[in-house]
Amino acid sequence: MCGILGISNRNSHVFAELYDGLLMLQHRGQDASGMVTYNGEFFREKKANGLVKDVFDAAEAETLLGKVGIGHVRYPTAGSLSAAEAQPFFVNAPYGIYLVHNGNITNTEEQRSKVTGKYSRHLRTTSDSEIMLNVLADKIFDAIKVNGNDDPIRNIFAGVKMMMERIQGAYSVITMVAGVGMLAFRDPHGIRPLSVAKRAADGAGDDYSFASEDVAFDINGFKKLRDVKPGEAILIDLEGNMHTFQAADGELTPCIFEYVYLARPDTLLDGISVYKTQIRMGEALANQIKELDLDIDSIIPVPDSARPVALEVSNATGIRYREGLVKNRYVGRTFIMPGQEERQKSVRRKLNAVTLEFKDKNVLLIDDSIVRGNTIKKIVQMCREAGAKKVYVASASPPVKYPNVYGIDMPTKHELIANGRDIEDIREELGCDALIYQKLDDLIWAAKEGNPDIKQFDCSCFDGKYITGSVSDSYLDQLEQSSRVSAKIKDMPSPKKMAKTA
């Protein structure tokens, strides 16, 4: 769920546009921000923990000079919370390469042992992104040995091809290569999003940009060309020419959770409107709600991401829509808060109930998803304290039962309220009077309607089917034993309360 951005300009320095673009991607990560620019001779870098607005200020406009640059907003899915793990990462040879990555590598330990053993490279962090960067560098070196160094673009594409043969998992990547240009590529399944855009430059060809979501293009006047294909690499050289290369055979299998929660509603991902997908999710959910014949006075969304779904449920059922929960916009998204205790404390900071919309009423709360259950449980309690007679809950997505290993912060089944529980057990735990989940087939329909050419989606957090290699039981156990996950498990309910999930 990290956000990545790259810009290659013909005339102007990129810092201000990178800054604006990263602000548009801030919803994808609030833990750390980073940026590096290139002026044709030197790289200039800054990264630190914190939001974009806190990491960068006006002084950086004078120091982060260059017409090519890449940026990153991060929340951690692999590695630690240390500022040292903020991206971008760098290797000085071959050429000198900076890299930003969205996704998660699933054969990390195997590749770490090869990088540090066979290739004698030193890794400064525990990040899977740094491992990927070093594998890429190794493979470009191998290409140089075979081809010589007269054609760097050929060597880089060959390196990407060989890297894709070794790396498994989800990855959308943007790199900056000294003396060559800006390179972007996407894994053969296209799990995480990545798009390319173009803008005419005054009398000097075209400017190009890559981004996780196309909302980062609009603010800077870029026009989206297309999504990067699964297994494709695209290089924008320093003269502003685009080079494309199909590094691996691929079949588009995007993560369906992007449309549920991760991406902004004004984004178009792989030809699918996130907003219209959420409208269709509401349409399907309304059909279930009508069948239950519940006594509902009003439909209230959990702001902000559930609003499109809730509005469509209201339209389809004829039940009035009300804004009963007021959001404090100065508190971050609780789903990506880096710690269970912090998430729980942030719910009360984040939301407050409009008492008049709850007192003596039966309300249906609609949330985009229920992952750990901490937020919605506290909201149900808040509604009862505001005087609600009955509180029903509907989730716009199916039960999240399995770890997501492709770049979403769901690394352990012990954090998932639906793992090992049936709906009645979950309803009891949440304290609501009824609980409705979206059906998986309906969610797939809602997304597929936007692009019928997509044959399947990655639904692994709902159905446990992992489309890449290296996702074995031992790999999942290894994730649960990691230091970051272990710290989270300490914050989970007591063994007695968790007994139903065993």
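Select Glu429 in this predicted model. Glu429 is partly exposed, because its relative accessible area is 23% and the partly exposed class lies between 20% and 50%. Now add Lys377 to the selection and show both side chains. Lys377 and Glu429 meet in a salt bridge, with N and O 3.1 Å apart. The two ends of this pair come from distant parts of the chain: Lys377 sits in helix 12 (residues 374-385) and Glu429 in helix 13 (residues 423-430), 52 residues apart. Lys377 is also partly exposed, at 35% relative accessible area.

**Along helix 13**

Stay on helix 13 and select Glu424 and Arg427. How far apart are the closest N and O atoms of Arg427 and Glu424? They are 2.7 Å apart, and the two residues form a salt bridge. Arg427 and Glu424 are three residues apart in helix 13, so about one helical turn separates them. Arg427 is partly exposed at 21% relative accessibility, and Glu424 is partly exposed at 41%.

A network comes next. Select Arg28, Arg192, Glu213 and Glu258: salt bridges with shared partners join these residues into one network.

**A pair between two loops**

Select Glu357 and Arg322. Their salt bridge has its closest N and O atoms 3.9 Å apart. Glu357 is in the loop between strand 18 and strand 19, and Arg322 is in the loop between helix 10 (307-317) and strand 17 (325-327), so the pair ties together parts 35 residues apart in sequence. Is Glu357 buried or exposed? Glu357 counts as buried, because its relative accessibility is 16% and the cut-off for buried is under 20%. Arg322, at 31%, counts as partly exposed. In the whole model the count of salt bridges comes to 29.

**Two aspartates with positive phi**

Remain in the loop between strand 18 (351-353) and strand 19 (362-367), and select Asp360, which lies there. Its phi is near 60°, a positive value in a residue other than glycine.

Then go to Asp293, in the loop between helix 9 (274-292) and strand 16 (298-301). Phi of Asp293 is near 55°, again positive in a residue that is not glycine. Asp293 is exposed, because its relative accessible area is 68% and exposed means over 50%.

**Two cis peptide bonds**

Select Gln87 and Pro88. The peptide bond between them is cis, with omega about 15°. Where is Pro88 found? Pro88 is in the loop between strand 4 (68-74) and strand 5 (89-91).

Follow the chain to Ala93 and Pro94. Here too the peptide bond is cis, and omega is near -5°. Pro94 belongs to the loop between strand 5 and strand 6 (97-105).

**A buried serine**

Select Ser212, in the loop between strand 10 (206-211) and helix 7 (215-218). Ser212 is buried, with a relative accessible area of 0%. Which residues are in contact with Ser212, leaving aside its neighbours within four places in sequence? They are Cys2, Gly3, Ile4, Arg28, Asn102, Pro193, Leu194 and Leu269. Arg28 was also selected earlier, as a member of the salt-bridge network.

For a distance to draw in the viewer, join the C-alpha atoms of Ser212 and Gly282. The two residues are 70 residues apart along the chain, and their C-alpha atoms are separated by 25 Å.

**The whole chain**

Clear the selection and show the protein chain as a cartoon. Its secondary structure comes to 17 helices and 21 strands. The radius of gyration is 23 Å, close to the 23 Å that the globule rule gives for 502 residues, so the chain is as compact as a globular protein of that length. Along the principal axes, the C-alpha atoms fill a box of roughly 75 × 50 × 45 Å.

Colour the chain by accessibility. Buried residues make up 59% of the 502 residues. The accessible surface is about 19200 Å², and carbon and sulfur atoms account for 49% of that surface.

Contacts can be shown as well. Of the contacts with a separation of 6 or more, 70% are between residues 24 or more positions apart.

Finally, colour by charge. The chain has 63 positive and 68 negative charges, and the mean positions of these two sets are 3 Å apart.

Definitions and conventions. Residues numbered from 1 in each chain as written. Predicted model: local features only at pLDDT ≥ 70, side-chain atom pairs only at ≥ 80, totals over all residues. Heavy atoms only, no water. Helix = DSSP H or I, 4+ residues; strand = E, 2+ residues; numbered from the N terminus. Rg over C-alpha atoms; globule rule 2.2 N^0.38 Å. Buried < 20%, exposed > 50% of the residue type's maximum accessible area, 1.4 Å probe, protein only. Contact = heavy atoms within 4.5 Å. Areas by Shrake-Rupley, 256 points an atom, 1.4 Å probe, with all protein chains shown as cover. Lys, Arg positive; Asp, Glu negative; His and termini not counted. Charge placed at Lys NZ, Arg CZ, Asp CG, Glu CD. Salt bridge = Lys/Arg side-chain N within 4 Å of Asp/Glu carboxyl O.
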